[in-house]
Amino acid sequence: MDQSGDSDFILNHRVLLPDGTVTPMILTTDGWLQWSEKSQRRLSVDKEVLGFSMDGPKIRIKALVEDHGGLRCFGSSGALVRKEFVFQPLSEESRALWCLKLRECIDLIGRPKKLFVLVNPFGGKGTGSKIYRDEVKPILEDAEIDVTLQETKYQRHAEEVAYSLDFTNYDGIVCVSGDGILVEVINGLLRRDDWVDAIKTPLGVVPAGTGNGMVKSLLHSIGDPCTACNATLAIVRGHKCSLDVATISQGEAKHFTVLMLAWGLVADIDIESEKYRWMGSARLDIYALQRIISLRHYRGGVSFVPAPGFEDYGEPTRYDYETASVVEVDKSDGEPISIQRHGYEGPNINLKDLEWRKFDGPFISVWLHNVPWGAENTLAAPDAKMSDGFLDLIIIRDCSKLSLLSLMTELNNGKHVKSPFVTYIKVKAFILKPGTRVKEPSKEGIIDADGEILALGKGTLTTSQKTLMNYDELLISVHQGLATLFSPCRN
C-alpha cells in the first residue's frame, strides 16, 4: 500500500483501472477524487459523486457528470449524464479503507437518506410518471436514497397527504410536478397542529409541469439548466435555502402561496388557456395573443405596504381591510371550499400601524411574485429573492395593445419591468379589491394563485371546480423564510 503523508490527502493509494493501468487514486480533504486515466481525471464528491458500490474486489463510483459519453439523463439536452468509474484497490485492507472514507466523506455532506416523493401524472403534458421513472429514480438509486412513492390522484391530494404524513420518517418531500403540487404540500404542512415542526421539512421540486417557475428560479440562480437531472442532483446534494411564504386571507379562509398571485391579464391567460393544456407551455403564448387582441380592463384598487426604497409609489392611504364574510357563490361559477381550520394563522404583523399606499384602477394586470421566474420562459420579477421578506408587485394600467404586445415579448428576459407602462415595486403586505370589467360591467375576473383558481367572478368560467375564496377583497402578507427548499447551492 502506497500511502502519502501529505495532509491534503485523506487517501492516496495505488489502484488497478479497467484498462490494466495501475495509478494513484487520491481522495483529498477538500472533497475531490482524482486519478490518471490516459489524462488526469477528477470528480467532486459533493457536486458529481452520487454514491458507490462494491463489486467483488472492485469499487464502482456512481456519478452525474457533464456529457462526455455515458448513461444519458433523458430530456436533459445532454447537459448531465450518469456514469460509472471503476477501480480495484490492490489489497483487501485498501478496499475496506476506501469504502470507509468514501462513506464518511459522503455522509459529512448531510445528504438526505429517505425521501417521500409525490409524482403528479397529470401535470403539463402528463409526463410526470415517465420523468420520474426515466430520470429521477435512477439518480436516487445511485445515491442510495430510500424512496416512498405516491402518485397524486386528484386536485389537492398532495395537500391531504402532507397534512397527515409522518414527516419524521423522512429527510424531505420531493414533488415531481409543476408548481401546483409544491403549493399543495406547503398548505398541507401549514394546516397541521404541529406546523412549526412540519414546515421545517425540506422540500424538493423536479420540473414535470407546464410552468416550473420555482425550480427554474432555483437552478437559474447558479446558471444550471432547468432539467429533471439538475433538479434531482440539487436534492441529492442536500443543500438548503429558505423560502418566503405569503398568506392570502379572506374572512376565516386562508391559502398559502409561494410563487405568485395574479388578477387581470396574467390570470386570464393562465386559467382560461387550460383548454389548450395539450399544447404544453405553448398554450400560454397563443392565448396571450388572443387576450391582448381582445383586451380587458378591470375596475378595482390595490393597497400595499412598500418595502424600503419604494415609499414614494402610489398615494397615501390607511389600512382599511375588513374581514369579509363568507357568501355563497353560484355553483356555475365555482363554489367556496369549506376547510377545517388548524395550524398556522399567518405572520404576526400589526398591519394597522404600517404606512400604506394605494393605486386605483382601471388595471390591465396586477401580478404579485415571490420568486423571479413564473415559468421556464417567464422572468416575471427579475429582482425577486427567495427569502427577502417581500413580494414583487408588477402592475400594468394604461397601455396600448401594441405597447402591451411589445412588453409581453420581453417576459423571457425580464426587461418588461423597464417599460414606462409597468410599475414594478416590492411590498411587505398587499390588499386586492377586485372589480368588474370596464366594458362589460356585468362580468368580473379571475384571481389566480400559483397557477390555480383562487376565486372566480361572475361571467367568467363555467366550471364544477370548487374555489378556495370568493371574488372579493383579499389580504396578502409575507412571512420571511418560513419554508425550506433543497437548493443547488448553500443558503
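In this predicted model, D194 is partly exposed, its relative accessible area being 31%. The side chain of D194 meets that of R192 in a salt bridge of 2.8 Å, N to O, and R192 counts as buried because its relative accessibility is 8%, under the 20% limit. The chain has 491 residues, of which buried residues make up 57%, and it contains 10 helices and 24 strands.

**Overall architecture**

- The accessible surface of the chain comes to about 21,300 Å², and carbon and sulfur atoms account for 49% of that area.
- Among contacts in the chain with a separation of 6 or more, 72% are between residues 24 or more positions apart.

**Salt bridges**

- Side chains of opposite charge can pair when their charged atoms come close.
- The structure holds 22 salt bridges in total.
- One of the salt bridges joins the side chains of D46 and R237, with an N to O distance of 3.1 Å.
- D46 is in the loop between β4 (39-44) and β5, whereas R237 belongs to helix α7, so this pair ties together parts that are 191 residues apart in sequence.
- D46 and R237 are both buried.
- R191 forms a further salt bridge with E159, and the closest N and O atoms of the pair are 2.9 Å apart.
- Because R191 lies in the loop between α4 and α5 (195-198) and E159 in helix α3 (residues 157-164), their salt bridge ties together parts that are 32 residues apart in sequence.
- R191 counts as buried at 5% relative accessibility, and E159 likewise counts as buried at 9%.
- The partner residues R192 and D194 are described by unlike terms: R192 is buried, whereas D194 is partly exposed.
- D268, E272, R291 and R296 are joined into one network by salt bridges that share partners.

**Nonpolar cores**

- In soluble globular proteins, nonpolar side chains tend to be buried together.
- The largest nonpolar core has 88 residues, and within this core V185, I186, M214 and L404 touch the most other members.
- Helix α4 supplies the largest share of this core, namely 7 residues.
- With neighbours within four places in sequence left aside, L404 is in contact with L265, I292, L295, I364, I396 and C399.
- Another core, of 29 residues, lies apart from the largest one, and its members include A246, L261, Y298 and Y471.

**Helix α6**

- Helix α6 (residues 213-220) has 7 of its 8 residues buried, so the helix is largely enclosed by the rest of the structure.
- The buried residues of α6 are G213, M214, V215, K216, S217, L218 and L219.
- M214 thus appears in the buried set of α6 and also among the residues of the largest nonpolar core that touch the most other members.
- The elements against which the buried residues of α6 pack are the helices α4 (179-190) and α7 (228-237), together with the strands β12 (203-207), β13 (240-250) and β24 (474-486).

**Strand pairing around β6**

- Strand β5 (residues 49-55) pairs with strand β6 (residues 58-66) in the antiparallel sense, over 6 bridges.
- Within this pairing, M54 has I59 in β6 as its bridge partner.
- The hairpin of β5 and β6 has 2 residues between the strands, and in this hairpin G56 takes a positive phi near 65°.
- Strand β6 also pairs with strand β8 (residues 80-89) in the antiparallel sense, over 8 bridges.
- K62 stands opposite E84 in β8.
- In a regular strand the side chains alternate between the two faces of the sheet.

**Surroundings of E440**

- E440 is located in the loop between β21 (422-437) and β22 (446-449).
- The relative accessible area of E440 is 33%, so E440 is partly exposed, a class that lies between the 20% and 50% limits.
- The side chains of E440 and R437 are joined by a polar contact of 3.2 Å.
- E440 and G459 are separated by 19 residues in sequence, and their C-alpha atoms are 9.5 Å apart in space.

Definitions and conventions. Residues are numbered from 1 along each chain as its sequence is written. This is a predicted model: local features need pLDDT of at least 70, side-chain atom pairs count only at pLDDT 80 or more; totals for chains, interfaces and linings use all residues. Side-chain values use heavy atoms; hydrogens and water are left out. Helices (H or I, at least four residues) and strands (E, at least two) are DSSP runs, numbered from the N terminus. Buried means under 20% relative accessible area, exposed over 50%, partly exposed in between (1.4 Å probe, protein chains only). A polar contact is a pair of N or O atoms within 3.5 Å; within protein, one must be able to donate a hydrogen and the other to accept it, and residues adjacent in sequence count only if both atoms are side-chain atoms. Two strands pair if DSSP finds at least two bridges between them. Contact means heavy atoms within 4.5 Å. A salt bridge is a side-chain nitrogen of Lys or Arg within 4 Å of a carboxyl oxygen of Asp or Glu. A nonpolar core is a set of buried Ala, Val, Leu, Ile, Met, Phe, Trp, Tyr and Cys residues joined through side-chain atoms within 4.5 Å. Accessible areas come from the Shrake-Rupley method with a 1.4 Å probe; for residues, only the protein chains shown count as cover.
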